[in-house]
Amino acid sequence: MTPDERAACPVHADFDSLSPTFLADPFAVLASLPREMPVFYAPSSDYYVVTRYADIDAVLLAHETYSAAPAQLPLVPLVSEAAQILRAGGTTPQPSMVSLDPPAHTRLRSPTVRAFTPRRVAQMAPRIRATVGQLLHAIDPATPFDLVATLTFPLPATIIFSFMGIPERDWPQLKAWCGHRASLAWGRPTPTEQVQHAEHMAAYHGYLRAFVARKAQARDDTFTSALLAIHAEEPEALTPEEIASILYSLTFTGHETTNALIGNVVRRLLEAPARWDAVVADPTLIPGAVDETLRYDPAVPVWRRVTKRPVTLGGVDVPAGAKLFLWLAASGRDAAVFPEPETFDLRRANTSKTLAFGKGIHYCLGAALGKLDAQLALDALTHRFPRLRLVEGQALSFHPNISFRGPQALWVQAT
Ligand code: HEM
């Protein structure tokens, strides 16, 4: 971008979505932004920041104008050693469907939709209930416990990895690789950390390719085998490399997001105990509690696009090739759509308008599953620990990345 192009747009020199202040409370920073500046340029990251619901909605719907290409791009330029390791390991800048535009996007999304049917999701309910039951049973309620370590982290990982047919012995390794992936693509790693993350990414890709090859020899009734069946039917329509790319999507999105969602729901209910007590007294409020959390404190607070041509967005002229931060978290607090947006309202009528799962051709494929995980977890938790409370005085911490946000630990006591 040239200095002239930048001058056409307001610039916010201090806006840094990876600063400790922002990570601790992004909502306070977003609320402090001048209303007349719904689109501005942030030099700290070389991105345009978009905060208004209507603008984000319009961008998400116009995939011909706004490419998804930067969705997983490292925020910082990579040192050459890290870039070289990634290339050699087969990690491309657009490694999976969420950062591809049509027709490449359609090639991956269509078979995924075929294999990831609503029926398959509904069939997961008994498994989710059983897993929540086991995880809660293992908790000693006599002492405070960390709900992230005991429930929100292991639950979605167990569900999605078993759905894909990944052997349980490999789950800890996959979870660790996902942590490296979050730091590399959505954080600000040092050069040394970049190299370490890149090595892990190469191993992660290698694992998924070998896993697909193994499954092809012994198909079963898992999601991966459903994809392999599509490949067997029509080899050119879906290659083993593309199946590995789909698994690369789901191994990450399938648990990092839901982990954050459940942590955010429980946090938001317990920080005002009357909310928790209301849900305990009336479990029909559970779906609303999950949906309101997605509006008020979304697990994916920001997502990215890049302009394919010059546009006017929020009254600002934006050049072609401009990278955009779409602040989904700010869209949920937009009073033009959600009246009294700072109020957490268990009975809010229009939470379905949330952009927390995106919109348009990339709309989250796992929205129903993520919500089901969270609802069933909350249902079991409120039954088992009706007097649950937050441990007082704890300072919450968040993984230093821009796109996946939930407490890293949430200490509670059963009282
Ligand atoms: C529970 C909380 C979740 C949230 C807040 C969330 C959010 C999102 C967002 C914001 C996008 C990008 C949408 C866009 O670019 O327009 C997305 C895409 C996606 N999500 Fe989720 N997600 C969640 C759970 C899941 C789960 C559980 C899965 C898998 C089982 C999943 C799989 C995907 C996939 C595959 C895409 C890419 C779709 C495409 O590019 O066509 N997500 N999600």
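## Helix 15: two sides of one helix

Let's start with the side of helix 15 that faces outward: the face turned away from its buried side carries Ala274 and Ala281, both exposed. The model we are looking at is a predicted one, which is worth keeping in mind as you follow along on screen.

Now turn the helix round. Helix 15 spans residues 273-281, and Arg275, Trp276 and Val279 are its buried residues. Viewed down the helix axis, these buried residues fall within an arc of 100 degrees, so they line one face of helix 15. What do they pack against? The buried residues of helix 15 meet helix 14 (240-270), helix 16 (286-296), helix 18 (367-384) and strand 9 (389-390).

## Strand 5 and its partners

Next, have a look at strand 5, which runs over residues 302-307 and is mostly covered, with 6 of its 6 residues buried. Both of its faces are covered: Val302, Arg304 and Val306 are buried on one side, and Trp303, Arg305 and Thr307 are buried on the other. Arginines thus appear on either side of this strand, with Arg304 on one and Arg305 on the other.

Strand 5 has pairings to follow as well. With strand 3 (residues 66-67) it pairs in the antiparallel sense over 2 bridges, and here Tyr66 has Thr307 of strand 5 as its bridge partner. Thr307 is also among the buried residues of strand 5. With strand 8 (residues 323-327), strand 5 again pairs in the antiparallel sense, over 5 bridges. In that pairing, Trp303 is matched with Leu326 of strand 8.

## Strand 8 and strand 2

Strand 8 is mostly covered too, as 4 of its 5 residues are buried. Besides its antiparallel pairing with strand 5, strand 8 pairs with strand 2 (residues 47-50) in the parallel sense over 3 bridges. Which residue of strand 8 is the bridge partner of Tyr48? That partner is Leu324.

## The iron and its protein donor

Moving on to the ligand, its iron atom has Cys364 as the only protein donor, through SG at 2.3 Å. To find Cys364 in the fold, look in the loop between helix 17 (328-331) and helix 18.

## Cavities inside the model

How many cavities of 30 Å³ or more does a search of the whole structure find? The search gives 4, and the largest has a volume of about 730 Å³. Its lining is made of 39 residues, of which Thr253, Thr257, Cys364, Leu365 and Gly366 are the closest to the centre. Cys364, the donor of the iron, is therefore a familiar name in this list. Helix 6 (104-115), helix 11 (171-186), helix 14, strand 5 and helix 18 are the elements that give two or more residues to this lining. Helix 14 gives the most, with 8 residues.

## A residue on the outside

Finally, find Ala88, which lies in helix 5 (residues 80-88). Is Ala88 buried or exposed? Ala88 is exposed, because its relative accessible area is 63% and the threshold for exposed is over 50%. Ala88 and Gln394 are 306 residues apart along the chain, and their C-alpha atoms are separated by 43 Å.

Notes
Residues numbered from 1 in each chain as written. Predicted model: local features only at pLDDT ≥ 70, side-chain atom pairs only at ≥ 80, totals over all residues. Heavy atoms only, no water. Buried < 20%, exposed > 50% of the residue type's maximum accessible area, 1.4 Å probe, protein only. Arc of directions from axis to C-beta. Contact = heavy atoms within 4.5 Å. Donors = N, O, S within 2.8 Å, 3.2 Å for Na, K, Ca; no water. Pairing = 2+ DSSP bridges. 1 Å grid on protein atoms, 1.4 Å probe; cavity = no way out; pocket = protein on both sides within 12 Å on 5 of 7 lines; lining within 4 Å. Points joined across faces, edges and corners; volume = space filled by probe spheres on them.
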